[in-house]
Protein chains: 2
Amino acid sequence: MTEHASGPGVRAERKERTRQKLLDATLHLVTTRSLASVSLREVARDAGIVPTAFYRHFDSMDALGVELVDECMRPLRQMTRNARRGTSSRGDIIAGTVEILGRQVREHPAQFQFLTRERYGGVAAVRRAIAMELRLFTSELSVDLARLTAGADWSSEDLEMAADLMVAAMLNTVLQLLELDRRHSEDEQRLLSASERQLRLIALGMASWRSS
Amino acid sequence: MTEHASGPGVRAERKERTRQKLLDATLHLVTTRSLASVSLREVARDAGIVPTAFYRHFDSMDALGVELVDECMRPLRQMTRNARRGTSSRGDIIAGTVEILGRQVREHPAQFQFLTRERYGGVAAVRRAIAMELRLFTSELSVDLARLTAGADWSSEDLEMAADLMVAAMLNTVLQLLELDRRHSEDEQRLLSASERQLRLIALGMASWRSS
DNA sequence: TATTTCGGTGTACGCCCGTTCACTGACTAG
DNA sequence: CTAGTCAGTGAACGGGCGTACACCGAAATA
């Protein structure tokens, strides 16, 4: 229970490290193929352990997949936090959001690849986990929109509708960014510019919207 | 070469029938899992033939997948044709489009399920085939938008951007429709109503857009 | 120091897979 | 009537899979 002088939880630390290796190996494998086609043995091999040792960390590949969703959601959560912070500092929310989106995708391509690929992939548990996170994301955005449209008579249903559209647009952008080849930053800029204009188009629509 | 009196291509007809059985069996299997996790033997079993006979019809499961994309695109193509025809007859394009979209998804759920699930699934060839069809769809829509915005100074790039946003919104609706449980027509109506308002929001934005 | 805990090992099992090959027999064509 | 075509058969192969089991040795505990 209490930590010893010589090694404070050396074992636990090693365990956590190989656990992370399993997650990393899976994430790497999933950038090419779908999770359903990745085998337990393959993951164990890439992580440098024997297949049976896999069970010391996860009950099954499905369970690992669900944990991986959580891990991959972290950059996305950070993204929304950054976007919110950016809101208060500068005037143009949209430009800031799109810029952050582009950077996050550039810095964590594998995570986004995994999330978008498995969003409608074969493993039901993983699909459900992603759907839950995404619903949370949309509802948070609709709260933000409520703040921005204060005064206009927006129903909560319409706010949800607009937030859903914005999230769909951004996810579409993410998918297109991931399809891009590496080191074609000009294409990336063109895509991000289009994304910004899409969000601006929606904002323009919202400005002249009357909740019926 | 010439057709005989007794049986005009009985053999070819039988072949076509089992070929169709293979495609149908795959489509049915793919509603639950992803294509990458469906085996050749499984498909052959469900189609009622021995595994080796599979090769009389397709080179591999990947090849079958590409053909399946083509087959599943037929209802979608018909949908756009219907939407276009509806355009000329009545005033409200959006309501008509959404209604047709809802009906098509209701009538061909497995096809849409396959297309959306495999759009970013594991099989590269299938992914490419779907992406190509979808790009065609978007560019056709941008042509329609060019006709509708004649007079306003829309650049072709912005037209593409708007069409892309609309397609993303509609695909998002399709995904949500497919997630719905059966026989909850109230939920379906709510979803289609939200989709209609999304498109209307975009149209509203376009009305006050100035291509910069 | 003696004992327990536990992450990782190695073997072994039965199963399903894709693909090969030689074959059969109904339809086709001359 | 005869020869040829070809969709479908059935046995067999080598290989990867998930998983059970007994085991090891270093870290943790007492």
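Q: Buried means under 20% relative accessible area, exposed over 50% and partly exposed in between (1.4 Å probe, protein chains only); on that scale, is Phe54(B) buried or exposed?
A: Phe54(B) is buried, at a relative accessible area of 0%. This is a predicted model, in which local features need pLDDT of at least 70 and side-chain atom pairs pLDDT 80 or more, while totals for chains, interfaces and linings use all residues. Residues are numbered from 1 along each chain, chains are lettered from A and ligands numbered from 1 in written order, and side-chain values use heavy atoms, without hydrogens and water.

Q: And how many aromatic pairs are there over all chains?
A: There are six, counting Phe, Tyr and Trp rings (six-membered for Trp) with centres within 6.5 Å; planes under 30 degrees apart are stacked, over 60 edge-to-face, the rest tilted. Phe54(B) and Phe58(B) make a tilted pair, 5.9 Å centre to centre with 45° between the planes. Phe58(B) is buried too, at 4%.

Q: Why is the pair Phe54(A) and Tyr55(A) edge-to-face?
A: Because their planes stand at 85°, with the ring centres 5.9 Å apart. Phe54(A), Tyr55(A) and Phe58(A) form one aromatic cluster.

Q: Switching to the DNA: which residues come nearest to strand C?
A: Of 23 residues around DNA strand C (a heavy atom within 4 Å), the nearest are Arg11(A), Arg56(A), His57(A), Arg41(B) and Tyr55(B). Sugar and phosphate make up 48% of the strand C atoms within 4 Å of the protein.

Q: What does the side chain of Arg11(A) contact there?
A: A side-chain N or O atom of Arg11(A) lies 2.5 Å from a base oxygen of DNA strand C.

Q: Which backbone atoms reach a phosphate oxygen?
A: A backbone N or O atom of Val50(A) is 2.9 Å from one, and a polar backbone atom of Val10(B) is 2.6 Å from a phosphate oxygen of strand C.

Conventions
A polar contact is a pair of N or O atoms within 3.5 Å; within protein, one must be able to donate a hydrogen and the other to accept it, and residues adjacent in sequence count only if both atoms are side-chain atoms.
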